Amino acid sequence: MIALDLIADSIPPVHTSDTIQKVLDRMIEFRLRHLPIVNEEQFLGLLAEDDLIAESDYQTPIGALALSLVNPYVLEDQHIYDVIRLFYEQQLTIVPVLDAKSNYLGLISINAITEYFAKITSVSQPGGIIVLEINNKNNSLAHMAQIVESDNAQVLSSYVQSFPDSTRMEVTLKVNKQDISAITASFLRYEYDIKATFNHTDINDTTRDRYDSLMNYLNL
């Protein structure tokens with residue numbers, strides 16, 4: 001997905017002729033702390049709520065203010081990860097999107113990013129969650145998916161989290177089954193370290209006990 005796909009058409013930019021009051025009202029309406037200033041198609045910069053609240057006359061046009069505008073933006077064909085990085089690094093509530101000629105196309109709101117994450121992590125679909133802790137040299141998502149599929153299930157989403165100064169990482173799998181006891185047993189059989197599970201039907205998690213009992217039986 002690229003930046004152009006997430007533009008929110010319902011949130012208009014502000015103009016230099018708009019008053020401080022009008023801009024603040026729009027920020028309240030859309031629950032944002034930033035809005036882009038645009039004249040015709042030219043992006044002038046990003047206006048922050050903190051730039052305005054200290055002013056005494058809210059009927060003053062924002063073009064008359066001495067603003068220290070920041071200028072963060074992404075181009076229309078940049079990947080969504082670049083957008084997320086900008087949100088995170090500069091603590092923004094919107095990110096402007098420009099074309100190759102630096103014309104303003106629209107903005108991406110923090111709500112759009114939230115909805116995007118909800119979709120890619122399949123949060124609206126029922127299922128179970130398995131958190132594995134593995135060595136980063138043994139990070140084979142294909143093998144993990146094969147284990148899940150062996151129980152007639154599918155991986156709906158996955159993500160990996162690494163840790164500084166460590167050879168270990170966490171892999172979180174969302175699968176399309178709520179009863180994941182058989183899947184976790186398979187991961188244990190392949191000597192995966194299961195850090196946590198969620199949404200499985202067995203409230204008292206006895207997967208490890210059942211696995212140990214099975215191994216003891218097979219070793220007889």
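Glu29 is exposed in this predicted model, with a relative accessible area of 56%, and the residue belongs to helix α1. Between the C-alpha atoms of Glu29 and Pro96, which stand 67 residues apart along the chain, the separation is 18 Å. Beyond helix α1, in the loop that leads from α1 to β1, lies Arg31, whose phi is near 55°, a positive value in a residue other than glycine. Arg31 is also exposed, with a relative accessible area of 75%.

The secondary structure of the chain as a whole comprises six helices and nine strands. For 220 residues the globule rule gives 17 Å, whereas the radius of gyration of the chain is 25 Å, well over that value, so the chain is more spread out than a compact globule. The extent of the C-alpha trace along its principal axes is about 85 × 35 × 35 Å. Among the contacts in the chain with a separation of 6 or more, 60% are made by residues 24 or more positions apart.

With regard to the surface, 38% of the 220 residues count as buried, and the accessible surface of the chain amounts to about 13000 Å², of which carbon and sulfur atoms hold 48%. The side chains include 15 that are positive and 30 that are negative, and a distance of 7 Å lies between the centres of these two sets.

The interior of the model can be described through its nonpolar cores. The largest nonpolar core contains 37 residues, and the residues with the most contacts inside this core are Val23, Leu52, Ile62, Val83 and Ile108. At least two residues of the core are supplied by each of α1 (20-30), β1 (34-39), β2 (42-48), α2 (80-90), β4 (94-98), β5 (104-109) and α3 (110-120), and α1, with five residues, gives the most. When residues up to four places away in sequence are not counted, Ile108 touches Ala3, Leu6, Ile7, Val83, Phe87, Thr93, Ile94, Val95, Val97 and Ile113. A second core, separate from the one just described, has 15 residues, among them Ile130, Val175, Ile180 and Phe187.

Helix α2 also contains Ile84, which, when its neighbours within four places in sequence are left aside, is in contact with Ile113, Tyr116 and Phe117. The C-alpha atom of Ile84 is separated by 31 Å from that of Asp193, a residue 109 positions away along the chain.

Further along the chain, helix α5 spans residues 181-189, and the buried residues in this helix include Ile183, Thr184, Ser186, Phe187 and Leu188; of these, Phe187 is also one of the residues of the second core. Just after α5 comes Glu191, which is placed in the loop between α5 and β9 (193-198). The phi of Glu191 is near 65°, a positive value in a residue other than glycine, and the residue is exposed, with a relative accessible area of 72%. Arg31, in the loop between α1 and β1, likewise has a positive phi and is exposed.

Definitions and conventions:
Residues numbered from 1 in each chain as written. Predicted model: local features only at pLDDT ≥ 70, side-chain atom pairs only at ≥ 80, totals over all residues. Heavy atoms only, no water. Helix = DSSP H or I, 4+ residues; strand = E, 2+ residues; numbered from the N terminus. Rg over C-alpha atoms; globule rule 2.2 N^0.38 Å. Buried < 20%, exposed > 50% of the residue type's maximum accessible area, 1.4 Å probe, protein only. Contact = heavy atoms within 4.5 Å. Areas by Shrake-Rupley, 256 points an atom, 1.4 Å probe, with all protein chains shown as cover. Lys, Arg positive; Asp, Glu negative; His and termini not counted. Charge placed at Lys NZ, Arg CZ, Asp CG, Glu CD. Core = buried A, V, L, I, M, F, W, Y, C linked by side-chain atoms within 4.5 Å.
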